[in-house]
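Welcome! Open your viewer, switch on the cartoon display, and let's take a short walk together.

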Amino acid sequence: MTLKTFDAEKEIEGIVAWIREWFADNGPKATAVIGLSGGKDSTIVANLLVRALGKERVVGVLMPNGVQADIADSLEVAQSLDIKYYVVNIADAVNGLTNTLTALDGFAPTKDMEINIPPRIRMTTLYAVAQAQPMGGRVVNTCNRSEDYIGYSTKYGDAAGDFSPCANYTVTEMLLLGAKLGIASHLVHKAPSDGLSGMTDEEKIGFTYDTLDRYILTGECEDAALKAKIDRMHVLNLHKLKTIPTYSRA
């Protein structure tokens, strides 16, 4: 499929049907539990869930780490969809774990550790909320193909979940889905960031999602150095997309 042949309406119908089928097999009465960051992916997936299951079976979880400057966007998503939602501030959990680790004799914290603890605590929170649902809950993974391709997600953090409706759609395609769903532009086109580094995702990775998506969809990238960088990131992060390796006993 290329962007020229991408039919957003048809894709939406297919995703909605797939979600319904998945829940029929894996939780006919269960709710879908989704972390709402206020960004494009969680906003688009939340809309798809409501279409597939109805607003009564979708639960949003807002998880600021202390003060979240754009939490109004997350609230806007939950309230516009009229879904039940919880606000769980994870700051105490993040600080508690970080402080406990850094107090260990000889322990040297790293920036990567600091960046990845919050998303892993958020995923723990989502599963706690899911298990508290009266008829059970299933946690949705909101990752997209572009981020997965270069490993731009946290293993056992935002890369986790029970089902993943949009894992096979690039960022460019997600924007087309968002537009067809009629989602507000300021939510769909918000520049993604980790909320800690002060940089957008594109600034951190050193290339745009447009460039990445073109390479994923067509294999074309005129900049040899950039192509090599993307290939290297993809190979190094394939472990995030695979199931846990196991030893096959004799």
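This is a predicted model. Begin by selecting strand β2, residues 58-62, together with strand β3, residues 84-87: the two run parallel and are joined by 4 bridges. For a closer look, click on V61, whose bridge partner in β3 is Y86. Next, select helix α3, residues 71-81, through which the chain crosses from β2 to β3; this β-α-β crossover is right-handed.

Now turn to the pairing of β2 with strand β1. These strands are parallel too, with 4 bridges between them. Pick out V33 of β1, and you will find V59 of β2 opposite. Which helix does the chain pass through on its way from β1 to β2? Select residues 40-53 to see helix α2, the link in another right-handed β-α-β crossover.

Stay with β1 and add strand β4, residues 137-139, to your selection. Here 3 bridges join the two strands, which run parallel. T31 is a good place to stop, as its bridge partner in β4 is G137.

For the last stop, show the side chains of β1, residues 31-35. Are its residues mostly buried or exposed? In this strand, 5 of the 5 residues are buried. In a regular strand, side chains alternate between the two faces of the sheet. Select T31, V33 and G35 for one side of β1, then A32 and I34 for the other: both faces are covered.

Key: Residues are numbered from 1 along each chain as its sequence is written. This is a predicted model: local features need pLDDT of at least 70, side-chain atom pairs count only at pLDDT 80 or more; totals for chains, interfaces and linings use all residues. Side-chain values use heavy atoms; hydrogens and water are left out. Buried means under 20% relative accessible area, exposed over 50%, partly exposed in between (1.4 Å probe, protein chains only). Two strands pair if DSSP finds at least two bridges between them. A crossover is right-handed if, with the strands pointing away from the viewer, the path from the first strand over the helix to the second runs clockwise.
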